[in-house]
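Subject: A structure for you to look through

Hi,

Here is the structure I promised you. Have it open while you read the notes underneath.

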Amino acid sequence: MKILITGGAGFLGARLARTLLKTRPVTRLVLADLFPPPADLLNDARVEARTGALLEQCAALSHERFDGVFHLASAVSAECEADFELGLKSNLDTTRALLDALRAAGNAPRFVFASSVAVYGSDAALPLPAVVRDDTLPTPQSSYGIHKFIIEQLVADYTRKGYIDGRSARLMTVSVRPGKPNGAASSFLSGIIREPLAGLAAACPVSADAEVAVSSPARTIDGLITVFEASRDAFGGRTALNLPALTVRVQDMLDALEALGGRAARARVRFEPDANIARIVGGWPARFEAGRSIRLGLQADADFRSIVQQYVTDHPESITTRRQA
């Protein structure tokens, strides 16, 4: 099985690559990104890294056939708000070029698009309901959310025409992400855990009562692979589905941080209100009923403490603060 992962050198892309190589019959794995993937992936003979802008790689992809594609590459929320042209080029132009390359290749590969719950928002004509369900109408309120929704429709139409076998999965905010902060408005939802556990200060731009929908890295990867492997009938049409979400308050996240990292870790988090970040994050839904995902066998994380424990277990080299017995 030959697979392409766009954004394959990033955190989620690299984790997805490792999982596929370990658990699935992958013979060739192409990782396309702006920078090379981690060394452990490069050292696997089945892995090929293609470095550079994805838009510039698409012409060559039209002469190559893949059994499956995971499209994770994207400019993130705050980047799209700050630079309108960057968002259009990185998200819409690049995805259209990728879809056309796959169409030209002619073998209709299975295609998973990593969409986002940023497709939802509260519109003056259609307020956001208290609980988002599978049939809730997307009304994105950011450039990033609009890009994701447009791409969902492109994936659906290319699937309808038989050019790909596409399925879009709307991801929750993934926490806890390792590494450094990125340009996403939700970046702090990892930073307020990751940095204090590493002995560093972290800023929280929203209130302790703010509710968010999150998913651990492991559950997110499981969701993407399950969507990829689902039959057309089991996926249930061409409309994007919402992956399961754990609803937590920032307060709950800090409680979990203290439980595993101690009071010293929690004390490193300071509240520094940022109206722009609060507006973006506050416009995202926090409560979901993901019936379609549940029918595929997917479940949300049990609690946020288990998510923090997953991070501690997966990245012991990044932990300098632990709760004293």
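Below is what turned up.

This is a predicted model: local features need pLDDT of at least 70, side-chain atom pairs count only at pLDDT 80 or more, and totals for chains, interfaces and linings use all residues. Residues are numbered from 1 along each chain as its sequence is written, and side-chain values use heavy atoms, with hydrogens and water left out.

Start with the inside. The largest nonpolar core (buried Ala, Val, Leu, Ile, Met, Phe, Trp, Tyr and Cys joined through side-chain atoms within 4.5 Å) has 36 residues, and F188, I192 and M253 are among those with the most contacts inside it. Here buried means under 20% relative accessible area, exposed over 50%, and partly exposed in between, using a 1.4 Å probe and protein chains only. Helix α10 (a helix is a DSSP run of H or I, at least four residues, numbered from the N terminus) gives the most to this core, seven residues. In soluble globular proteins, nonpolar side chains tend to be buried together.

Next, two single residues. V281 sits in helix α11, and V281 counts as buried because its relative accessibility is 7%. E85 belongs to helix α5, residues 84-105, and E85 counts as exposed because its relative accessibility is 56%.

Finally, two backbone oddities. Most residues other than glycine have a negative phi, and most peptide bonds are trans. A108 has a positive phi of about 50° and is not a glycine, while S175 and V176 are joined by a cis peptide bond with omega about 20°.

Cheers

Key
Helix = DSSP H or I, 4+ residues; strand = E, 2+ residues; numbered from the N terminus.
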